[in-house]
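Work through the following exercises with the model open beside the text, and try each task before reading its solution.

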Amino acid sequence: MDEKEALRVGAAVRRRRRTLGLTLAAVAGRSGLSVPFLSQIENERARPSARSLDRVAEALETTTARLRAAADSARAVDVVRAAEHDGVRRVVRGRHQLSALEFTGEIDLAREFQHRNDELMYVVRGAAEVEAEGQAYRLEQGDTLFLSGGVRHRWRATVPGTRLLVVAVAEHIDATYDPRR
């Protein structure tokens, strides 16, 4: 792990610990690491070794890969330049807490979707029809539609050249609180 990544993992450790409702003392007991050392990690004043990070991840009921992914998204700055295209374009690159796709053209995916996390659709240009929970919604330029996690839906562009932005909590992120975890 390089120095930059090691320093950024602290915020991810803190977020995960708080999500689980654990104190530093509880994580220390689970990991065998000291409270002061864990505090230094969270405050980005200490760089954990690979073994220490494994112990922290295990204590937080996650993996080092997930902590690193969360750390990467904590302070990333990335510009994705606009491009004219037909099809699908990733608006957010990499593995982050947010997923965003732009669909352009006469798209009819002709399939039903169901995601575990929340999703927002925004019509940048044109119009689309979304079927969700047995009801049809016509969206025009500037309209948004929110779908909570678990809602089955399908959509299609209804006007040539439609541009639709779909933003969601990434599938690899557990966006709901489950006290059993």
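**Exercise 1.** Determine how strand β4 pairs with β5, and place the pair in its sheet.

Solution. Strand β4 (residues 127–132) and β5 pair in the antiparallel sense over six bridges, where pairing requires that DSSP finds at least two bridges between two strands. One of the bridge partners can be named, since alanine 128 faces leucine 139 of β5 in this way. The pair belongs to an open sheet of three strands, ordered β5-β4-β7 with antiparallel pairing. Its edge strands, each pairing on one side only, are β5 (135–140) and β7 (153–157).

This is a predicted model, in which local features need pLDDT of at least 70 and side-chain atom pairs count only at pLDDT 80 or more, while totals for chains, interfaces and linings use all residues. Residues are numbered from 1 along each chain as its sequence is written, and side-chain values use heavy atoms, with hydrogens and water left out.

**Exercise 2.** Find which residues of helix α3 are buried, and examine both ends of the helix.

Solution. In α3 (residues 35–42), the buried residues (under 20% relative accessible area, 1.4 Å probe, protein chains only) are Leu38, Ile41 and Glu42. Seen down the axis of α3, they fall within an arc of 95 degrees, so they line one face of the helix; the arc is taken from the directions from the helix axis to the C-beta atoms. At the start of α3, a side-chain oxygen of serine 34 comes to within 3.1 Å of the backbone nitrogen of phenylalanine 37. Just after α3, glutamate 44 has a positive phi of about 55 degrees.

Note on methods: Buried < 20%, exposed > 50% of the residue type's maximum accessible area, 1.4 Å probe, protein only. Helix = DSSP H or I, 4+ residues; strand = E, 2+ residues; numbered from the N terminus. Polar contact = N/O pair within 3.5 Å; in protein donor to acceptor, adjacent residues only side chain to side chain.
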